[in-house]
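Please look through the following model slowly, and keep the sequence beside it while you read the explanation below.

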Amino acid sequence: MDPRSLITEDQEDPLAVPEFLPTAPYRGTRDFLPPEMSVRTQVFGTLYEVLERYGFQRYDGPVLESAEIYEAKSGQEIADQQLYTLTDRGGRRLALRPEMTPSVARMIAGNAGSLQFPVRWYSHPNCHRYERPQRGRVREHWQINADIFGSESANCEIEIFELIHDMLRALGATEDMFVVRANDRTLLSSALTDLVGVTDEQLSPVFSLVDRWEKQDREKLAETAAEIGLTTKQFDRLTEVLGAGTALLDELPEAVKENSHLVRVLSSGSADLVRFDPLIVRGLAYYTSTVFEVFDTSPENNRALFGGGRYSDLAGLFTAQQIPGIGFGMGDVTLIDFLQTHGLAPAPRAEVDVVVIPVTEDLEDAARTVATKLRRAGLRTSVPLEPRKLGKELGRADKAGARAVVIVGQEDWEHGNVTVRSLATRDQQQVGVDAAAGAVADLLTP
């Protein structure tokens with residue numbers, strides 16, 4: 001008797017197959033299949049090379065940090081709205097890192113006694129923020145971070161701007177595809193207080209207003225300004241100030257400009273690396289002077305790609321020693337969007353360069369011997385895991401992107417030979433086993 005025949009409608013079937021769990025990733029996160037992973041590996045491998053040519057050293061840190069370091073240093077939006085938090089069994093409040101800068105500040109402070117400042121460090125952390133997923137924003141991303149710690153020189157700004165240009169150029173970008181827009185919070189503070197009449201108490205909310213200036217219409221901006229306490233006349237003057245461009249610098253006190261790192265950059269031979277823009281503020285609370293954002297100039301993707309700035313004492317949360325720094329974070333989502341917009345994203349690499357195919361099962365050991373020689377020569381090589389006919393294996397090798405196959409036949413192997421075939425031209429040649437790697441390499445050479 002079928003046991004299911006005894007189950008009433010109100011009972012659960014103990015033999016029923018449970019529903020499958022969903023295969024989609026958590027909203028705002030992404031799966032990277034081999035083709036997507038290949039593109040990412042190529043892009044970020046190129047960026048690592050540029051960073052290391054500048055003397056930057058790679059570091060990493062834990063994905064879990066004390067929630068307090070973000071609440072103290074990352075700003076209200078991240079701390080109050082975007083942190084993924086948890087409490088461990090010891091009652092400690094932790095957070096998945098939303099960014100790397102507070103972590104690296106902790107590491108710098110903890111090791112300051114053994115470091116020779118200034119130091120150049122970079123990382124590629126996995127970061128998490130509870131955001132509304134949309135184009136350019138997800139809840140989990142990877143981000144190149146590059147920072148210089150321990151110097152107040154404006155040469156740090158110049159090097160960071162040079163580095164950004166070289167990183168994007170290395171990916172194929174030309175100078176007309178992007179622009180680095182930079183500001184200095186000390187200059188903006190002076191403009192707001194001296195030219196607009198903003199009070200010290202109003203500075204922080206007005207900074208937030210400026211940060212939204214290009215994202216909201218004038219009516220909404222005016223409404224927010226009134227809520228802050230600005231008069232209509234002040235709002236009109238604020239509009240003039242923010243639209244003045246480099247002419248704004250002529251209106252600011254000389255004493256303020258003399259202490260600005262950005263003004264020194266704009267007065268140097270590196271001035272063409274950046275464009276002064278009073279609208280650049282950056283929302284993170286730890287920036288103290290220079291701030292900048294890199295924008296895509298394409299109308300199809302006219303948005304900020306990444307940004308950064310200078311912090312006079314970010315490590316002050318962890319040590320009494322004042323350690324200035326400057327850096328930026330380059331997220332993977334907007335970077336890949338930029339490359340795709342301009343047709344610069346690399347094609348995924350093929351699975352392998354060459355496949356070694358035994359004609360019969362008893363030649364599998366021989367095929368593995370040949371594959372070992374090819375791998376030791378630096379060739380990406382695979383061997384079939386299951387026996388199939390030669391024609392099917394040739395088709396599989398072609399679909400895998402291999403450009404050559406090495407066929408191991410019984411008679412050839414007995415004489416110490418194999419057949420090397422080009423999958424593009426179907427030309428083939430018989431060579432000695434030890435010469436196979438060179439013959440394949442010749443086929444792969446453009």
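**Salt bridges, a helix and a listed site**

Asp-353 and Arg-380 meet through their side chains in a salt bridge (3.2 Å, N to O), a term that stands for a side-chain nitrogen of Lys or Arg within 4 Å of a carboxyl oxygen of Asp or Glu. This pair links distant parts of the chain, 27 residues apart, with Asp-353 in the loop between α12 (332-341) and β13 (354-358) and Arg-380 in the loop between α13 (364-376) and β14 (381-382). Here helices (H or I, at least four residues) and strands (E, at least two) are DSSP runs, numbered from the N terminus. Asp-353 is buried at a relative accessible area of 17%, whereas Arg-380, at 25%, is partly exposed; buried means under 20% relative accessible area, exposed over 50%, and partly exposed in between (1.4 Å probe, protein chains only).

The model is a predicted one, in which local features need pLDDT of at least 70 and side-chain atom pairs count only at pLDDT 80 or more, while totals for chains, interfaces and linings use all residues. Residues are numbered from 1 along each chain as its sequence is written, and side-chain values use heavy atoms, with hydrogens and water left out.

The structure holds 25 salt bridges, and Arg-237 takes part in one with Glu-240, where the closest N and O atoms are 3.1 Å apart. These two residues are three residues apart in helix α9, which means that about one helical turn separates them. Arg-237 also forms a salt bridge with Glu-251 (2.9 Å, N to O). Because Glu-251 lies in the loop between α9 and α10 (254-258) and Arg-237 in helix α9, this pair ties together parts that are 14 residues apart in sequence.

Turn now to helix α8 (residues 218-228), whose buried residues are Leu-221, Thr-224, Ala-225 and Ile-228. Viewed down the axis of α8, these residues fall within an arc of 100 degrees, so they line one face of the helix; the arc is that of the directions from the helix axis to the C-beta atoms. The face turned away from that buried side carries the exposed residues Glu-219, Ala-226 and Glu-227. Among what covers the buried residues of α8 are α7 (200-211) and α9 (232-242), with contact meaning heavy atoms within 4.5 Å.

Finally, an unreviewed UniProt entry lists several residues under "binding site", including Gln-143 and Arg-282, in the numbering used here, with feature names shortened and annotations that may be inferred rather than shown by experiment. Gln-143 lies in strand β7 (residues 140-149) and is buried at 11% relative accessibility.
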